[in-house]
Amino acid sequence: MKRIAVFTSGGDSPGMNACIRAVVRTAVYHGIEVYGIMRGYKGMIKGEIVKLDSASVSNTVQKGGTILKSARSQTFMTKEGRQQAFDQLSNHKIDGLVAIGGNGTFTGAMLFEQEFGIPTVGAPGTIDNDLFGTDYTIGYDTAVNTALEAIDKIRDTADSHDRCFFIEVMGRDSGYIAIPCAIGGGAEIVMIPETQMSTDAVIDTLRTGWKRSKTSFIVIVAEGEEEGSATIVAAKVKEAIPEMDTRVTIIGHVQRGGSPTAADRLLGSQIGIAAVEGLMNGMRNVMAGIVDRKLVYTPFHDTIYKKKLINQSFMRMVEILSV
């Protein structure tokens with residue numbers, strides 16, 4: 001490896017800049033030239049490729065978002081688009097790539113390597129924590145803490161007014177944000193895509209609590225819940241229990257921003273170093289991750305297609321602690 005490039009793709013997550021910084025400085029440390037690709041695959045196709053050095057990433061480890069910016073590219077999903085991207089990388093004599101992102105990012109990287117042979121090592125950058133091959137993804141810890149801070153404040157007003165709040169957190173296909181928010185936020189109920197909790201079951205639980213003179217409730221709903229959004233679930237509950245004062249709060253994209261926690265800065269730095277050194281050791285089509293506190297490299301195919309399961313003991317914790 002003489003010259004590598006790093007890019008971020010898909011949704012941004014806190015800690016991406018820590019990872020970019022680690023990639024750049026690890027490359028410099030090993031005497032490798034390093035470039036940054038702006039706006040992910042979209043910028044790769046357009047040739048938005050800039051040379052980076054150690055000073056380029058100064059004062060970035062504490063910043064949220066991504067200094068390389070991110071974008072989705074329909075063009076890269078075509079063979080012609082990938083050919084354009086390959087031509088741009090060839091013009092810059094890029095030997096390998098570090099891709100920071102999630103499933104979509106790695107799917108594109110895997111296909112790109114199969115067609116054009118440019119090796120890629122991935123870094124798991126997503127707040128959803130839904131990637132197989134790593135215990136935690138970059139940005140997850142910050143997102144959970146951001147959501148939990150909001151839930152704590154909502155709990156105060158729920159208790160003051162004897163209300164039931166339905167709080168929607170991010171997690172289109174995963175309940176990894178919802179679960180710790182429910183446990184840490186003292187929620188009575190959590191609804192996630194991985195479990196089959198019906199709205200009727202929610203109504204029964206709330207009725208039982210109501211009969212025990214419990215006057216305030218928190219229900220955490222992951223945005224990908226099969227029963228519907230928090231707004232839909234709340235409307236059904238209000239229809240079934242009209243005497244209950246219900247409110248809905250959607251925390252939304254605030255979970256994706258903000259200064260990363262210490263855990264995300266550390267994880268981003270570990271993964272950034274591992275990605276560059278993985279490329280140096282001849283690895284390709286793999287994601288660097290941390291499992292049981294050990295660095296592992298997982299094939300993109302497994303990361304994309306294998307399901308990362310929710311620890312069912314957490315669901316039991318919610319049930320026990322909500323009594």
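## Strands 1 and 4 within the open sheet

In this predicted model, strand 1, which covers residues 3-8, pairs with strand 4, made of residues 96-101, in the parallel sense and over five bridges. Within this pairing, Ala 5 stands opposite Leu 97 of strand 4.

Both strands belong to an open sheet of seven strands, whose order is 3-2-1-4-5-10-11 and whose pairing is mixed. Strand 3 (49-52) and strand 11 (294-299) form the edges of the sheet, each of them pairing on one side only. When direction is ignored, neighbouring strands of this sheet are turned against each other by 30 degrees on average.

## Helix 9

Helix 9 runs over residues 262-280, and because each residue should add 1.5 Å, its 19 residues should span 27 Å; the C-alpha atoms at its ends are 28 Å apart, which agrees with that expectation.

The buried residues of helix 9 include Leu 267, Ile 271, Val 276 and Leu 279, and among them are also Asp 264 and Ser 269, as well as the glycines Gly 268, Gly 272 and Gly 278. After helix 9 comes Gly 282, which has a positive phi, near 85 degrees.

## A nonpolar patch and helix 11

On the surface, Phe 314, Met 317, Ile 320 and Leu 321 make a nonpolar patch of about 370 Å². One of these residues, Phe 314, lies in helix 11, which comprises residues 312-321.

Phe 314 counts as partly exposed because its relative accessibility is 35%, a value that falls between the limit of 20% for buried residues and that of 50% for exposed ones.

Terms used: Residues numbered from 1 in each chain as written. Predicted model: local features only at pLDDT ≥ 70, side-chain atom pairs only at ≥ 80, totals over all residues. Heavy atoms only, no water. Patch = residues over 30% accessible without salt bridge, like charges linked within 9 Å, V, L, I, M, F, W, Y side chains within 5 Å. Areas by Shrake-Rupley, 256 points an atom, 1.4 Å probe, with all protein chains shown as cover. Salt bridge = Lys/Arg side-chain N within 4 Å of Asp/Glu carboxyl O. Helix = DSSP H or I, 4+ residues; strand = E, 2+ residues; numbered from the N terminus. Buried < 20%, exposed > 50% of the residue type's maximum accessible area, 1.4 Å probe, protein only. Expected span 1.5 Å × (residues − 1). Pairing = 2+ DSSP bridges. Axes fitted to C-alpha atoms, helices over the stretch in contact; angles between N-to-C directions.
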